[in-house]
Structure formats: structure tokens, C-alpha cells
Amino acid sequence: LMIGNTSSGILEAASFGKYVIDLGSRQQGRVTSPNVSHVPFDEVEIRQAFHALKGRTYSGENVYFQPNPSERIMEVLKSIKL
């Protein structure tokens, strides 16, 4: 479980089977996978979200997943004329 307002929770956590409690509005409007719960800076709501998600493993999709990123990067680098 990740708690915070960082983009790593939105971009990478789903790939590691983690749920995310996204605090505040900093990431508002970003596309997120179903593992992300948006919670305001409110102690009661943060505690409720934590107790609902603690110990759980996320097994759904990551909307930011891209297959074979290393191969794709290498192809782009090879295409650059030096």
C-alpha cells in the first residue's frame, strides 16, 4: 500500500500489485488504474481508506503499462542519425 500524492503511485504502483491512497488534489485529472483511491487531506477519510486497503494486493491492470519498453527505447535510439 502506498500513501501520498506522488505520480509514482499513479504510474507504477499497479505494476507492483500495490493499492494507492492518493492524498489531496495534486494528481487530480490524471488517468488512473483502479488501484488508486483519491482521498482528501482528512484524517478520518485517510484512516477509512487505509483500513479498507491494508493487506490487499492489487491484481488488475496498469493503464500506463507499455510492453517491451527497453526494445522500444533501443529502436528510437538506433533511428537517431549522429
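Here are a few short exercises on this predicted model, each with a worked solution.

**Exercise 1. Find the aromatic pair, and work out how its two rings are arranged.**

Start with the count: there is 1 aromatic pair here. The partners are Tyr 19 and Tyr 58, with ring centres 5.4 Å apart and 80° between the planes. Next, check the angle: planes over 60 degrees apart count as edge-to-face, so the Tyr 19 and Tyr 58 pair, at 80°, is edge-to-face.

Now place the two residues along the chain. Tyr 19 sits in the loop between helix 1 (7-11) and strand 2 (20-23), while Tyr 58 belongs to the loop between helix 2 (43-53) and helix 3. They are 39 residues apart, and the pair links distant parts of the chain.

One last step: are Tyr 19 and Tyr 58 buried or exposed? Both are buried.

**Exercise 2. Track down the salt bridges and say where their partners lie.**

By count, there are 2 salt bridges to look for. Take helix 2 to begin with: the side chains of Glu 43 and Arg 47 meet there, at 3.0 Å from N to O. These two are 4 residues apart, about one turn of the helix. As for Glu 43, its relative accessibility is 53%, so it counts as exposed, the cut-off being over 50%.

Then move on to helix 3. Lys 78 forms a salt bridge with Glu 75, and their closest N and O atoms are 3.9 Å apart. That fits the rule, because the limit is within 4 Å. Lys 78 and Glu 75 are 3 residues apart in helix 3, so about one helical turn separates them. Lys 78 has a relative accessible area of 60%, which means it is exposed.

**Exercise 3. Decide whether Pro 69 is buried, partly exposed or exposed, and locate it.**

First, the location: Pro 69 is in helix 3, which covers residues 69-79. Second, the accessibility: Pro 69 comes out at 45%. Because partly exposed runs between the 20% and 50% cut-offs, Pro 69 counts as partly exposed.

For a sense of distance, pick Ala 14. It is 55 residues from Pro 69 in sequence, and the two are 16 Å apart in space, C-alpha to C-alpha.

**Exercise 4. Name the residues that make the nonpolar surface patch of about 680 Å².**

Go through them in order: Ile 73, Met 74, Val 76, Leu 77, Ile 80 and Leu 82 make this patch. To tie one of them to the fold, look at Val 76, which is found in helix 3.

Definitions and conventions. Residues numbered from 1 in each chain as written. Predicted model: local features only at pLDDT ≥ 70, side-chain atom pairs only at ≥ 80, totals over all residues. Heavy atoms only, no water. Buried < 20%, exposed > 50% of the residue type's maximum accessible area, 1.4 Å probe, protein only. Patch = residues over 30% accessible without salt bridge, like charges linked within 9 Å, V, L, I, M, F, W, Y side chains within 5 Å. Areas by Shrake-Rupley, 256 points an atom, 1.4 Å probe, with all protein chains shown as cover. Phe/Tyr/Trp six-rings, centres within 6.5 Å; stacked < 30°, edge-to-face > 60°.
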